[in-house]
Amino acid sequence: MPNKQNDQRKNVIEVLNKARSMELYAIIQYMNQHYGLDDADYGKLASEVKKVAIEEMKHAEAFAERIKDIDGEPTTEIDGKPVRGQAVEKVFPFDADVEADTLVKYNEFMKICRDNNDSVSATLFEKIIVDEQKHFNYFDDTNTHISKLGNSFLARMTGGSAD
């Protein structure tokens, strides 16, 4: 007879690994965009995208640590193939969509953790959801500025270092 606790643990590890895979994708996607924005001399935008990528690295590590805590093996698989060579006008709506999708999924994953009696993992998702909402807001707001203000906004974002 299957052990209910074991099944619950497997369900939680599955969503934690899915989230980790999503974070690994975001890291690669955002760092690639950071390099492209920096090369195009949009240092201020590149710097902000880099900051988000670093926050995603912390999320990936937090998910891995939780997976290890409950005797799972953290995935190294990336959830999707990063898109390269995006124009500045394409970066921010793309990233806003990535974050919007992440918010939906992480809320579902948090519920799965609760349903499987793992409040620690649910709380981890709850904390990370706050960061993901901030990321979404930044990407969405920046996209709005680019859409409404166009080149005058982008001109203010040029120069400077991405560091």
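**Helical architecture and core packing**

T102 lies in helix α3. In this predicted model, T102 is buried, with a relative accessible area of 6%. Its side chain reaches the backbone oxygen of V98 at a distance of 2.9 Å. Leaving out residues up to four places away in sequence, T102 touches M22 and E132. E132 belongs to α4 and is among the buried residues of that helix.

The protein has 5 helices and 0 strands, and its pattern along the sequence is α-α-α-α-α. The C-alpha trace spans about 65 × 25 × 20 Å along its principal axes. Of the 163 residues, 45% count as buried. Among contacts with a separation of 6 or more, 83% involve residues 24 or more positions apart. The exposed area of the protein is about 8,800 Å², of which carbon and sulfur atoms supply 51%.

For two of the helices, the end-to-end length was compared with the value expected at 1.5 Å a residue. In α2, which has 27 residues, the first and last C-alpha atoms are 39 Å apart, close to the expected 39 Å. The 31 residues of α4 should span 45 Å, and the distance of 44 Å between its end C-alpha atoms agrees with this. At the N-terminal end, α4 is capped by D118, a side-chain oxygen of which lies 3.2 Å from the backbone nitrogen of V120. The buried residues of α4 are S121, A122, L124, F125, I128, I129, E132, H135, F139, T142, N143 and I146.

The largest nonpolar core contains 24 residues, and the members that touch the most others are Y30, L37, L45, V88 and F92. Two or more residues of this core come from each of α1, α2, α3, α4 and α5 (151–156). The largest share, 7 residues, is provided by α1. Another core, of 19 residues, lies apart from it and includes I67, L103, F125 and I129. Of these, F125 and I129 also appear among the buried residues of α4.

Y30 is buried, at 0% relative accessibility. Beyond its neighbours within four places in sequence, Y30 is in contact with V49, V52, A53, E56, D95, V98, E99 and F139. V98, one of these partners, also offers its backbone oxygen to the side chain of T102.

The structure holds 9 aromatic pairs. One of them is formed by Y30 and F139, whose ring centres are 5.2 Å apart and whose planes meet at 55°, a tilted arrangement. Because Y30 lies in helix α1 and F139 in helix α4, this pair ties together parts that are 109 residues apart in sequence. F139, like Y30, is buried, with a relative accessible area of 0%. The rings of Y106 and F125 have centres 5.4 Å apart and planes at 70°, so this pair is edge-to-face. Here the link is between helix α3, which holds Y106, and helix α4, which holds F125, with the two positions 19 residues apart in sequence numbering. Both Y106 and F125 are buried. Y30 and F139 also belong to one aromatic cluster together with F92 and Y138.

Positive phi values were found at several positions outside the helices. Most residues other than glycine have a negative phi. D41 is not a glycine but has a positive phi of about 75°. D41 is placed in the loop between α1 (4–39) and α2 (43–69) and is partly exposed, with a relative accessible area of 40%. N117, also a residue other than glycine, has a positive phi near 60°. N117 occupies the loop between α3 (88–115) and α4 (119–149) and counts as exposed, at 61% relative accessibility. A positive phi, near 65°, is likewise present at D71, which follows α2. Just after α4, G150 takes a positive phi of about 55°.

Terms used. Residues numbered from 1 in each chain as written. Predicted model: local features only at pLDDT ≥ 70, side-chain atom pairs only at ≥ 80, totals over all residues. Heavy atoms only, no water. Helix = DSSP H or I, 4+ residues; strand = E, 2+ residues; numbered from the N terminus. Buried < 20%, exposed > 50% of the residue type's maximum accessible area, 1.4 Å probe, protein only. Core = buried A, V, L, I, M, F, W, Y, C linked by side-chain atoms within 4.5 Å. Contact = heavy atoms within 4.5 Å. Expected span 1.5 Å × (residues − 1). Polar contact = N/O pair within 3.5 Å; in protein donor to acceptor, adjacent residues only side chain to side chain. Areas by Shrake-Rupley, 256 points an atom, 1.4 Å probe, with all protein chains shown as cover. Phe/Tyr/Trp six-rings, centres within 6.5 Å; stacked < 30°, edge-to-face > 60°.
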